[in-house]
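Please look over the chain shown below. The report that follows takes it residue by residue, then as a whole.

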Amino acid sequence: MEPGDLSVEHRPDERRYVLLVGGEHAGELVYRDRGGNVVAFLHTEVDPSQQQRGLGSALVAAALGDARERGVRVVPLCPFVDAYIRRHPEFADLVAVDPARRA
């Protein structure tokens, strides 16, 4: 896979980020607006035929980078997103406190 073959599109009307590999849908991260510049990342999924290639991590990194650029805080309800942030503390400042989420 060439670096240019991978892209992530933010589709705010659909409340999701779409992962494209070679222009084809390969995964998505679904979120919900929580108000007050906070979004909850609910679910991340990569096509099973594309797994084990780091694509889920690329998708989450792009979504977190977009959140940072837009000044949005994140509630990582998706276990994959939560684990990614724990492994990449440079994104920890984006995590919003959510009373429904236990530490």
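## Ala26 in strand 3

Ala26 has a relative accessibility of 2%, so it counts as buried. This is a predicted model, and the values here are computed from it. Ala26 sits in strand 3, which covers residues 24-33.

What does Ala26 touch, leaving aside its neighbours within four places in sequence? The contacts are Leu19, Val21, Glu45, Val46, Asp47 and Gln50. Pro79 is 53 residues from Ala26 along the chain. The C-alpha atoms of Ala26 and Pro79 are separated by 19 Å.

## Thr44 in strand 4

Thr44 belongs to strand 4, which spans residues 38-46. Is Thr44 buried or exposed? Its relative accessible area is 15%. The cut-off for buried is under 20%, so Thr44 falls on the buried side.

Residues up to four places away in sequence are not counted in what follows. Thr44 touches Glu28 and Leu29. Thr44 also touches Leu59, Val60, Cys78, Phe80 and Val81. Val81 is itself one of the buried residues of helix 2.

## Helix 2 and its two faces

Helix 2 runs over residues 79-87. Which of its residues are buried? They are Val81, Asp82, Tyr84 and Ile85. These four cover an arc of only 160 degrees around the axis, so they lie on the same side of helix 2. The general rule is that an α-helix has 3.6 residues a turn, so residues three or four places apart point the same way.

The buried residues of helix 2 pack against strand 3 and strand 4. They also pack against helix 1 and strand 5. The face turned away from the buried side carries the exposed residues Pro79 and Arg86.

## Val72, between helix 1 and strand 5

Val72 is in a loop. Helix 1 (55-70) comes on one side of that loop and strand 5 (73-76) on the other. The relative accessibility of Val72 is 7%, so this loop residue counts as buried.

Not counting residues up to four places away in sequence, Val72 touches Asn37, Val38, Val39, Ala67 and Leu94. Leu94 is 22 residues from Val72 along the chain. The C-alpha atoms of Val72 and Leu94 are separated by 7.4 Å.

## Two loop residues with positive phi

Arg15 lies in the loop between strand 1 (6-11) and strand 2 (16-21). Its phi is near 50 degrees, a positive value in a residue other than glycine. Arg15 counts as partly exposed because its relative accessibility is 43%.

Asn37 lies in the loop between strand 3 and strand 4. Its phi is near 60 degrees, again positive in a residue other than glycine. At 53% relative accessibility, Asn37 counts as exposed. The cut-off for exposed is over 50%. Asn37 is also among the contacts of the buried Val72.

## The segment after helix 2

His88 is found in the segment after helix 2. Its relative accessibility is 23%, so His88 counts as partly exposed. Ala61 is 27 residues from His88 along the chain. The C-alpha atoms of His88 and Ala61 are separated by 9.3 Å.

Val95 is in the segment after helix 2 as well. With a relative accessible area of 22%, Val95 is partly exposed. How far apart are the C-alpha atoms of Val95 and Ala67, 28 residues apart along the chain? They are separated by 10 Å. Ala67 is also one of the residues that Val72 touches.

## The chain as a whole

The protein chain has 2 helices and 5 strands. From the N terminus on, the order is β-β-β-β-α-β-α. A compact globule of 103 residues would have a radius of gyration near 13 Å; the chain has 13 Å, so the two agree. The C-alpha trace spans about 40 × 30 × 20 Å along its principal axes.

Buried residues make up 38% of the 103 residues. Take the contacts between residues at least 6 apart in sequence: 39% of them join residues at least 24 apart. The chain exposes about 6100 Å², and carbon and sulfur atoms supply 48% of this area. The charges number 13 positive and 16 negative. The mean positions of the two sets are 9 Å apart.

Note on methods: Residues are numbered from 1 along each chain as its sequence is written. This is a predicted model: local features need pLDDT of at least 70, side-chain atom pairs count only at pLDDT 80 or more; totals for chains, interfaces and linings use all residues. Side-chain values use heavy atoms; hydrogens and water are left out. The radius of gyration is taken over C-alpha atoms; the globule rule is 2.2 Å times the number of residues to the power 0.38. Buried means under 20% relative accessible area, exposed over 50%, partly exposed in between (1.4 Å probe, protein chains only). Contact means heavy atoms within 4.5 Å. Accessible areas come from the Shrake-Rupley method with a 1.4 Å probe; for residues, only the protein chains shown count as cover. Lys and Arg count as positive and Asp and Glu as negative; His and the chain ends are not counted. The place of a charge is taken as NZ of Lys, CZ of Arg, CG of Asp or CD of Glu. The arc is that of the directions from the helix axis to the C-beta atoms.
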